[in-house]
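I opened this notebook to keep track of what I looked up, entry by entry. I begin with strand pairing and then turn to the ligand and the backbone.

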Amino acid sequence: MTQNYLLTPGGSLSGTLRVPGDKSISHRALLLGAIARGRSEIDGFLASEDCLATMSALRAMGVTIERDGEHVVVHGVGLRGLAAPDTVLDLGNSGTAIRLLAGLLAGQDFDSELVGDASLMQRPMRRVADPLNMMGAQVDTVDGRPPLRVQGGRSLKGIDYTLPVASAQVKSAILLAALYASGETLVRGSGVSRDHTERMLMSMGVNLTVDDDGTIHLLPDQAPESMDMRVPGDLSSAAFFLLGGCLAAREALVVEGVGLNPTRLGVLGILEAMGADIRIERRRMEGREPVGDLHVQRAALKGIDIPPALVPLAIDEFPAIFVAAAAAQGVTRISGAEELRHKESDRIAVMASGLRTLGIEVDEQPDGAVIHGGRLGGGEINSHGDHRIAMAFAMASLVAGAPIRILDTANVATSFPGFPELAAGAGLNLQVEAS
Ligand code: S3P
């Protein structure tokens, strides 16, 4: 059975809401809590399918994890306390889970195998296998894709590595393996990718330093200390409500308690350059992560040339940005965004095709698109099982002239459980259909 969304035009958004916890931080809290010694408590944990896949994998390696809704207790086993899983580890749809676990598993004394769903089995893994193998690990892909077979019992050594793509997943995999290596590990060129791993390792007492040019230094054999933490709301989930608010807020729409890590703020800069009216209130720190409340008002958006420097800082928000561009007056040019082709779907191709269905002119480019803003119509859109594509097109209905049916939406639960209910509660005319 598959799930679709049916959206009817005429909705508008208002009220104050909270989005679920940050996906990147929730994965990391589990992984680092597991190899810390002792008990870590996590509040605001994102109980989505992706993070639950990481949780199952850790449980399969002997880690006791208790969960009551968004409250999680991880009983860490220490750096060398993981046990060999007796099954293949299935990470579902989650690129973060498979790549970070590859790094963690590279330093263990047992073999493991990592797989995922049809989308994950197509995603590039050499970017993570290559640096890990340079460290002395044995991580094998099949033609650059999963399954990943990780051989245990290898002695790892530190490397000096310059990231060829701005990827926090690759950086984090190297840092996790570096905890098990002899000698220092340096990771360069990471300034523009999200830095949650670095912040969390530091808050767990690991001696990690970052130079002014963004080079990370990590010395091995440092066991993270257990810790208690609160996960902020996920800006990548809030982004759909920011988009919806720009298009059709009735009065200010407020999203409370959202993570505002500087390496994630590209979407705010891009929407503001398009004319959005977004205000940040009650800025505060939760642990080492900045947090605030976002107030968004309806605004007339205009097309812009998106500065390529902002692309990595907004990498997960492009489905929402494509819809903002479609509803804007004028032309928006996206470039330097080839990475979008390697996400849960080929987000350039899938967004271009969906927007064309709604009557918008889109010129697809190898590394982006040129989107001619206009009046959106209705139609049937295939999300290709990509959560963020489904949520972006759901918000498009706020300015569409006819109903939109979005196919294959069940994977919204990989990052945003409860999205249809929360969005409908705020004023989106959304019905979930089983087919
Ligand atoms: C993530 C990093 C990004 C992002 C993904 C989550 C992470 O991927 O797109 O949703 O938690 O490290 P890349 O590392 O491939 O850029």
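**Entry 1: a hairpin and its sheet**

I started with strands S8 and S9, which run antiparallel and are joined by four bridges. As a reference point for the register I noted Gln138, which stands opposite Gln151 in S9. I should record here that the model is a predicted one, and that I read every value below as computed from it.

Which strands make up the open sheet, and in what order? I found four of them, in the order S6-S7-S9-S8, and the pairing in this sheet is mixed. Strand S6 (89-90) and strand S8 (138-142) stand at the edges with a single partner strand each, so one side of each has no neighbour in the sheet.

I then followed the sheet from S6, which is joined to strand S7 (residues 112-115) by two bridges, the two strands running parallel. Within that pair, Asp90 has Val115 in S7 as its bridge partner. On going further, I saw that S7 pairs with strand S9 (residues 145-151) in the antiparallel sense, over three bridges, and that Ser112 stands opposite Val150 in S9. I kept a general reminder beside this entry: strands of a sheet pair through backbone hydrogen bonds, either parallel or antiparallel.

**Entry 2: backbone exceptions**

I went back to the hairpin of S8 and S9, which has two residues between the strands, and checked its torsions. Asp143 is found in the loop between S8 and S9, and its phi is near 55°, a positive value in a residue other than glycine.

I also looked up the peptide bond from Pro146 to Pro147, which is cis, with omega near 0°. I placed Pro147 in strand S9. Both entries deserve a mark in my notes because most residues other than glycine have a negative phi and most peptide bonds are trans.

**Entry 3: the ligand**

Which residues are around the ligand? I listed Ser24, Arg28, Thr96, Arg99, Ala166, Ser167, Ala168, Gln169, Arg194, Ile315, Asp316 and Lys343. By class, this shell has three nonpolar, four polar and five charged residues. When I sorted the shell by element, I found that helix H1 (23-35), helix H3 (95-106) and helix H5 (168-178) each supply at least two of its residues.

I next looked at distances from oxygen atoms of the ligand to N or O atoms in side chains. For Ser24, such a pair is 2.7 Å apart, and for Lys343 the distance is 2.7 Å as well. For Thr96, an oxygen atom of the ligand is 3.5 Å from an N or O atom in the side chain, and I noted that the cut-off for a polar contact is within 3.5 Å.

How much of the ligand's exposed area does the protein bury? Taken alone the ligand exposes 380 Å², and the protein buries 95% of that. I also checked the pockets, and the space taken by the ligand is the largest pocket.

**Entry 4: a second hairpin**

Last, I looked up strand S19 (residues 361-365) and strand S20 (residues 368-372), which run antiparallel and are joined by five bridges. A hairpin of two residues connects S19 to S20, and for the register I wrote down that Glu364 stands opposite Ala369 in S20.

Definitions and conventions: Residues numbered from 1 in each chain as written. Predicted model: local features only at pLDDT ≥ 70, side-chain atom pairs only at ≥ 80, totals over all residues. Heavy atoms only, no water. Pairing = 2+ DSSP bridges. Near = heavy atom within 4 Å. Polar contact = N/O pair within 3.5 Å; in protein donor to acceptor, adjacent residues only side chain to side chain. Areas by Shrake-Rupley, 256 points an atom, 1.4 Å probe, with all protein chains shown as cover. 1 Å grid on protein atoms, 1.4 Å probe; cavity = no way out; pocket = protein on both sides within 12 Å on 5 of 7 lines; lining within 4 Å. Sits in = over half its atoms within 2 Å of the grid points. Nonpolar A, V, L, I, M, F, W, Y, C, P; charged D, E, K, R; others polar.
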